[in-house]
Structure formats: C-alpha cells, structure tokens
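Okay everyone, thanks for coming. I'll put the sequence and the structure up, and then we'll walk through them together.

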Amino acid sequence: MPKPLTHALWLAAALAALGTAASAIGSMTFYNTVEGTPLSLSDAPEEGRDTEAVKTFLDTGVNIYNENPEALKEGETLYLGMCSGCHGHYGEGKIGPGLNDDYWTYDVNREDTGLFSTIFGGARGQMGPMYGALNLDEMLHTMAWVRHLYTGPADTAGWLTEEQRASFKPFTHEKTSN
C-alpha cells in the first residue's frame, strides 16, 4: 500500500497530466448530456481538430460556422446524411426529437456547448456518441445547420450573435437552396 505522501504526489502528477492533455485540445471542458461526466475529446479523430472553427469553439464555445453561408452547405450535407433519418429533413423530428423549435429534450442544447456535448457524447435512446462518425469540424458544421433550421424567434436563439440576431429570419422550407 502506498504511503499517503507518495499516493498524494502520484495523484497530483496524474491530475496535472490530465489537465495538460485537456488544455492541448482546448480550454473548455464538455460534459456528457445525460451522465454529467467529462467527455474526452481525444476520442475524436485527429482529422478536423486544427481548423480555426474548432480552435475557436474549444476555447470560447462560439461556433463561427453559425449563419455562415459556405459552412451551411457542408452542414446541410452532413445533417442530411447523419441526422435526418431520426430528426427529420427540416429538424421537425421523427423517431428522434425535433431540433428546429424552442423545445429541447435536454435543456443544455439551447447553447452550442450543450448541443456539441450531446452530439459528441450521445444521449438517451438511439442518440449514440457521434465522435466515431464525425470529426470535430464536421460536428460544428452540422450544429450550424441545426441552428439554421430554427423556426422560433431570434430573442430565444442564444447561439446567435447580436448582429446575427438583428437580421435573423426563422427557417422556412423555401430557404433551402443548393
């Protein structure tokens, strides 16, 4: 059995190593939507970690792809391939919950950090973790498309910047032009 001082030093070294690993990926900590346990972003593929959007998001929680027309094209493609089977083509919900209105199964999804945690780490039912299917950059593109599908008022869209909120128009089916 280790002596108390040796055990304390070992524990401190282990915690310092974990902190160093976490900060190398970003300064924010994300938590599993259901269990509340920390998510390990090192589970995600290496590809897609070094984009400006990912670095910004992991440091600030701000998704710079939100309402970016170029990013929305990629987000729509990813969403249609990965999410629409359960959540509907327009986020209206099917076997999974709707994603385009003010009702959130998990309240944390009102913020981009919460939505990211749900996508990355999964939730209840058939919403498994997506870190094996999407890289971090693809998750941010997909999140931007989900936010674009929003049909509610701008004042409840907490993910929008003040500038985006001022020009926001709720999604309608006619808006999808590719």
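Let me start with a quick one: is E46 buried or exposed? E46 is exposed, because its relative accessibility is 60%. Keep in mind, by the way, that this is a predicted model. E46 has a partner, R49, and their side chains form a salt bridge with N and O 3.4 Å apart. R49 is a different story: it counts as buried, because its relative accessibility is 17% and the cut-off for buried is under 20%.

So, the overall picture. The protein has seven helices and zero strands, so if you read along from the N terminus you just get α after α. There are 178 residues, and 40% of them count as buried. If you take contacts between residues at least 6 apart in sequence, 59% of them join residues at least 24 apart.

Now, how far do we trust it? Mean pLDDT for the protein is 87, with 84% of residues at 70 or more. The low spot is helix α1, residues 4-25, with a mean of 43, while α6 sits at the top with 98. Across residues 1-24 the pLDDT is below 50, and that stretch makes one contact in the model beyond its near neighbours in sequence. Where pLDDT is low, the predicted coordinates should not be read in detail. I'll leave that end alone.

Let's go to α6 instead. How many residues does α6 have? It has 13, and from first C-alpha to last it reaches 18 Å, close to the 18 Å expected. Twelve of those 13 are buried, among them D137, H141, W145 and R147. The buried residues of α6 pack against α2, α3 and α5. At the N-terminal end of α6, N135 acts as the cap, with a side-chain oxygen 3.0 Å from the backbone nitrogen of D137.

That takes us to the core. The largest nonpolar core has 31 residues, and F116, F120, L136 and L140 touch the most other members. Helices α2, α3, α5 and α6 each put in at least two residues, and α6 gives the largest share, seven. Have a look at L136 while you're there: leaving aside neighbours within four places in sequence, L136 contacts A44, G48, V54, L58, F116 and F120, among others. R49 is on that contact list too, and that's the buried arginine we started with. There's also a second, separate core of six residues, including Y150, A154, A157 and W159.

Back to charges. How many salt bridges does the count come to? Five, and I'll show you two more of them. D107 and R110 pair up through their side chains at 2.5 Å, N to O. D107 is exposed, because its relative accessibility is 52%, whereas R110, at 33%, counts as partly exposed.

The other one is D112 with R147, a salt bridge at 2.8 Å, N to O. This pair links distant parts of the chain, since D112 is in helix α5 and R147 in helix α6, 35 residues apart. And where E46 was exposed, D112 and R147 are both buried.

Okay, that's my tour. Shout if you want to go back to anything.

Definitions and conventions:
Residues are numbered from 1 along each chain as its sequence is written. This is a predicted model: local features need pLDDT of at least 70, side-chain atom pairs count only at pLDDT 80 or more; totals for chains, interfaces and linings use all residues. Side-chain values use heavy atoms; hydrogens and water are left out. A salt bridge is a side-chain nitrogen of Lys or Arg within 4 Å of a carboxyl oxygen of Asp or Glu. Buried means under 20% relative accessible area, exposed over 50%, partly exposed in between (1.4 Å probe, protein chains only). Helices (H or I, at least four residues) and strands (E, at least two) are DSSP runs, numbered from the N terminus. A nonpolar core is a set of buried Ala, Val, Leu, Ile, Met, Phe, Trp, Tyr and Cys residues joined through side-chain atoms within 4.5 Å. Contact means heavy atoms within 4.5 Å. The expected span of a helix is 1.5 Å times one less than its number of residues. A polar contact is a pair of N or O atoms within 3.5 Å; within protein, one must be able to donate a hydrogen and the other to accept it, and residues adjacent in sequence count only if both atoms are side-chain atoms. pLDDT is the predictor's confidence in each residue, from 0 to 100.
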